[in-house]
Amino acid sequence: MTSPHTAPASTPRAIPDQVQAVLFDMDDTLVDSERAWAAAADRLWAETGSSSRAPAIPGGTIEDLARAYGAGHPSADLEAVTARLLVLLDEELGDQVRPMPGAVDLVSRLDTRLPVAVASNSPSAVVRRTITTLGWSKRFSAMLGTDDVPRPKPAPDLYHEAARRCGAEIEHCVVFEDSPMGAKAALSSGAFVITLGSTDTGHLSVPDLLDPLVTSWNPEPLS
């Protein structure tokens with residue numbers, strides 16, 4: 001039998017009013033951090049004397065960026081490139097991470113009644129450090145990054161594992177995502193998917209977390 005959450009993403013749907021858990025992407029969904037990723041990548045490219053900017057890989061992993069670098073620098077040691085990117089990303093993120101507009105209110109409204117989790121294509125240590133910097137670590141049942149699963153997004157592994165750690169069935173979870181890659185992962189997991197910004201491939205697409213459909217959403221736990 002086909003799950004109701006696997007309906008065509010082009011058909012707008014109402015957000016479920018009963019769920020078992022809410023799962024979030026991190027970068028530019030909960031946290032204003034994609035700019036730090038872009039700045040770290042541009043610094044790496046600049047270190048080689050390149051006049052071009054690093055390619056944008058929305059929702060990609062640090063390994064995706066390292067491979068993109070390696071494509072233009074065939075002699076590069078990809079492990080060393082990945083390690084350097086981690087250092088640069090750490091410097092760019094620093095302690096200046098900020099929540100996306102509407103994120104604080106949404107998380108505060110949900111975590112008192114439902115399990116919530118982060119499932120990000122960032123390295124796991126970056127996820128935990130970022131969420132801890134925001135003072136949110138006690139709000140989340142899980143804070144997952146790429147080191148916690150066999151396959152990163154666009155595979156559904158991160159969302160399956162996040163649901164498992166929340167004690168939830170993925171078909172009774174709602175996911176918030178901002179990138180096509182992340183939306184693909186969430187849709188293939190079987191969750192109900194809300195996409196933000198220019199990504200419109202979810203079951204429901206809204207401009208941001210301040211949209212009235214989100215701010216008025218008060219789901220009840222589904223047992």
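A search of the whole of this predicted model turns up 1 cavity of 30 Å³ or more. The largest cavity holds about 30 Å³ of space. Its lining is made up of D90, L93, G94, V97, V126, R129, T130 and T133. Two helices, α3 (78-93) and α5 (124-133), each put at least two residues into that lining, and α5 gives the most, with 4 residues. As for chemistry, the lining of the largest cavity is a mix: 3 nonpolar residues, 3 polar and 2 charged.

Next comes helix α4, which spans residues 103-110. Its buried residues are A103, L106, V107, R109 and L110. Looking down the axis of α4, these buried residues fall within an arc of 165°, so they line one face of the helix. That fits the usual geometry: an α-helix has 3.6 residues a turn, so residues three or four places apart point the same way. The cover over the buried residues of α4 includes three strands, β2 (21-24), β3 (116-119) and β5 (173-177), along with helix α8 (212-215).

Two spots in the backbone also deserve a look. Most residues other than glycine have a negative phi, and most peptide bonds are trans. D28 goes against the first of these habits, with a positive phi of about 65° although it is not a glycine. D28 sits in the loop between β2 and α1 (34-47) and is partly exposed, at a relative accessible area of 23%. The second habit is broken between K153 and P154, where the peptide bond is cis, with omega near 20°. P154 belongs to the loop that runs between β4 (142-144) and α6 (157-165).

Key
Residues are numbered from 1 along each chain as its sequence is written. This is a predicted model: local features need pLDDT of at least 70, side-chain atom pairs count only at pLDDT 80 or more; totals for chains, interfaces and linings use all residues. Side-chain values use heavy atoms; hydrogens and water are left out. Buried means under 20% relative accessible area, exposed over 50%, partly exposed in between (1.4 Å probe, protein chains only). The arc is that of the directions from the helix axis to the C-beta atoms. Contact means heavy atoms within 4.5 Å. On a 1 Å grid over the protein atoms alone, a cavity is a set of points where a 1.4 Å probe fits but cannot get out, and a pocket is an open set with protein on both sides within 12 Å along at least five of seven lines; lining residues have an atom within 4 Å of a point. Grid points are joined across faces, edges and corners, and a volume is the space filled by probe spheres set on the points. Ala, Val, Leu, Ile, Met, Phe, Trp, Tyr, Cys and Pro count as nonpolar, Asp, Glu, Lys and Arg as charged, and the others, Gly among them, as polar.
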